[in-house]
Amino acid sequence: MTVLTKKKVLNVIKLLEEMYPEAGSELKYDSIFQLLVAVVLSAQATDKSVNLVTKELFAKYPDAESIAVIEEEELQRIIKSIGLYKTKSKNIVRLARIINDKYNGEVPGDYDKLIQLPGVGRKTANVVLANGFGVQRIAVDTHVFRVANRIGIVDEQNVLKTELSLMKVVPEEKWISLHHCLIWHGRRVCEARRPRCSDCRLNEICLYAKNKTKKAL
Ligand code: SF4
């Protein structure tokens with residue numbers, strides 16, 4: 001198992017924060033409920049495609065109360081350009097009803113309650129806690145998983161282990177920031193198929209880049 005030293009990890013975080021001082025969610029929302037809906041919609045879909053459908057959705061149905069009473073077919077009509085739109089419509093109407101009936105229309109800021117909601121798993125709950133409630137969490141999506149493991153912050157085979165290892169090695173006050181920075185870096189430089197290592201400021205530290213250079217020698 002090869003990972004960076006703690007000192008190097010802190011240096012990576014510092015560089016990423018310098019590179020992406022404005023890193024944050026690229027989903028558009030005006031409330032924690034809208035954030036939750038947008039994150040549920042974003043599974044296997046780009047933030048851009050989610051923002052396109054939530055524009056109409058949130059203009060017509062801005063909260064749990066209004067979504068709780070609509071027909072699934074109406075929701076399907078609005079979000080049909082998004083992958084898995086039928087399942088997502090079902091989950092969103094059901095979760096809106098639960099939030100409306102059980103939590104007075106307010107999204108609960110509690111992990112155990114969040115993951116009981118339809119369509120809400122560990123990653124979604126962590127994103128809502130971090131972005132909606134300011135609770136330090138590291139939600140591991142495909143970008144965080146790929147980039148953290150490439151750089152060598154951790155060396156893990158799945159998202160859960162990656163999250164748990166990141167929580168051990170990264171200072172807690174940096175969890176939200178690192179989550180956003182890794183996503184931004186994964187979208188802009190460390191892309192899945194073609195990481196642009198020669199343009200990357202982490203080139204000197206990153207284990208993936210080092211191994212690539214070694215192989216080329
Ligand atoms: S050096 Fe390459 S692999 Fe490493 S973080 Fe940068 S782009 Fe990604």
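Two residues are taken to be in contact if their C-beta atoms, placed from the backbone, lie within 7 Å. With that in mind, the buried residues of α2 in this predicted model are covered by elements that include α3 (47-60), α4 (64-68), α5 (72-79), α6 (85-102) and α8 (122-133). The points below take up α2, then the nonpolar core to which α2 contributes, then helix α1, and lastly Ala23 in the loop between α1 (6-19) and α2 (32-41).

**Helix α2**

- Most of α2 is covered, since 9 of its 10 residues are buried.
- The buried residues of α2 are Phe33, Gln34, Leu35, Leu36, Val37, Ala38, Val39, Val40 and Leu41.

**The largest nonpolar core**

- The largest nonpolar core has 58 residues, and the members that touch the most other members are Leu36, Leu41, Val128 and Ala148.
- With 8 residues, α2 gives the most to this core.
- Because domain 1 (6-23 + 138-216) and domain 2 (32-133) both give residues to this core, the core lies between them.
- Ala148, one of the core members named above, touches Ile153, Val154, Thr162, Leu166 and Leu182 when residues up to four places away in sequence are not counted.

**Helix α1**

- The 14 residues of α1 should span 20 Å at 1.5 Å a residue, and this agrees with its end C-alpha atoms, which are 20 Å apart.
- Val9, Val12 and Leu16 are the buried residues of α1, and because they fall within an arc of 55° when seen down the axis of the helix, they line one face of α1.
- On the face of α1 turned away from its buried side are the exposed residues Lys7, Lys14 and Glu18.
- The cover over the buried residues of α1 includes α9 (142-151), α10 (159-169) and α11 (175-188).

**Ala23 in the loop between α1 and α2**

- Ala23 counts as partly exposed because it has 19 C-beta neighbours inside 10 Å, whereas a residue is buried if 20 or more other C-beta atoms lie within that distance of its own, and exposed if 12 or fewer do.
- Once its neighbours within four places in sequence are left aside, Ala23 is in contact with His180, Cys181 and Trp184.
- Ala23 and Cys190 are 167 residues apart in sequence, while in space they are 15 Å apart, taken from C-alpha to C-alpha.

Technical notes: Residues numbered from 1 in each chain as written. Predicted model: local features only at pLDDT ≥ 70, side-chain atom pairs only at ≥ 80, totals over all residues. Helix = DSSP H or I, 4+ residues; strand = E, 2+ residues; numbered from the N terminus. Core = buried A, V, L, I, M, F, W, Y, C linked by C-beta atoms within 7 Å. Domains from an automatic or database assignment. Expected span 1.5 Å × (residues − 1). Arc of directions from axis to C-beta.
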